[in-house]
Amino acid sequence: MSAPPLGAPDLLACEHPAERLLARLEGVKETGPGRWIARCPSHQDKHPSLSIREIGDGRVLIHDFGGCSASDVMAVVRLSLADLFEKPPPNLGPLPKRQRWDRGDVWQLLAHEAAIAAIAANDAAAGRPVSPADAERAGLAADRLSDAVVTLGVRL
């Protein structure tokens with residue numbers, strides 16, 4: 001990794017956030033305008049799993065498909081999450097409380113997952129064989145429905 005030693009002056013402070021980050025990563029490949037992939041410095045990455053995207057307003061988005069958090073990635077290269085921004089966001093105080101999801105969308109998604117689970121249950125009850133892909137999807141539907149029950153605090 002090309003992160004400077006602790007205590008070294010940050011010679012990259014004047015660069016754009018993407019340049020500041022990319023200079024500290026290995027295996028960087030440009031995949032399009034303002035988009036790159038690189039090997040994640042937070043885990044032993046044989047193939048690039050870290051996606052980097054520069055947004056028009058100067059922000060940089062990162063996502064590791066290997067599962068590392070943005071905080072972990074930035075800590076390893078000795079940068080902070082604030083270094084992903086061209087200028088610090090204004091301190092606007094606490095965000096107002098608001099509903100996280102549209103209620104109608106949630107019900108539609110739950111109904112879809114319930115339909116998938118019901119189809120799988122009906123096939124199993126009728127003795128029809130279930131493909132591995134269908135069994136996996138039915139399991140995902142069951143997991144999502146179970147998570148919804150827990151999130152909503154429903155007591156069964």
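Helix 4 covers residues 132-152 (helices, H or I of at least four residues, and strands, E of at least two, are DSSP runs numbered from the N terminus), and its length can be checked with simple arithmetic: at 1.5 Å a residue, its 21 residues should span 30 Å (the expected span is 1.5 Å times one less than the number of residues), which agrees with the 30 Å between its end C-alpha atoms. This is a predicted model, in which local features need pLDDT of at least 70 and side-chain atom pairs count only at pLDDT 80 or more, while totals for chains, interfaces and linings use all residues. Residues are numbered from 1 along each chain as its sequence is written, and side-chain values use heavy atoms, without hydrogens and water.

The buried residues of helix 4 are Ala138, Ala141 and Ala148 (buried means under 20% relative accessible area, exposed over 50%, partly exposed in between, with a 1.4 Å probe and protein chains only). Seen down the helix axis, these residues fall within an arc of 80° (taken from the directions from the axis to the C-beta atoms), so they line one face of the helix. On the other side of helix 4, Pro132, Glu136, Val150 and Thr151 are exposed. Gly153 follows the helix, with a positive phi near 70°.

A second spot to look at is Asp45, in the loop between strand 2 (35-39) and strand 3 (50-54). The side chain of Asp45 makes a polar contact of 2.7 Å with that of Ser49 (a pair of N or O atoms within 3.5 Å; within protein, one must be able to donate a hydrogen and the other to accept it, and residues adjacent in sequence count only if both atoms are side-chain atoms).
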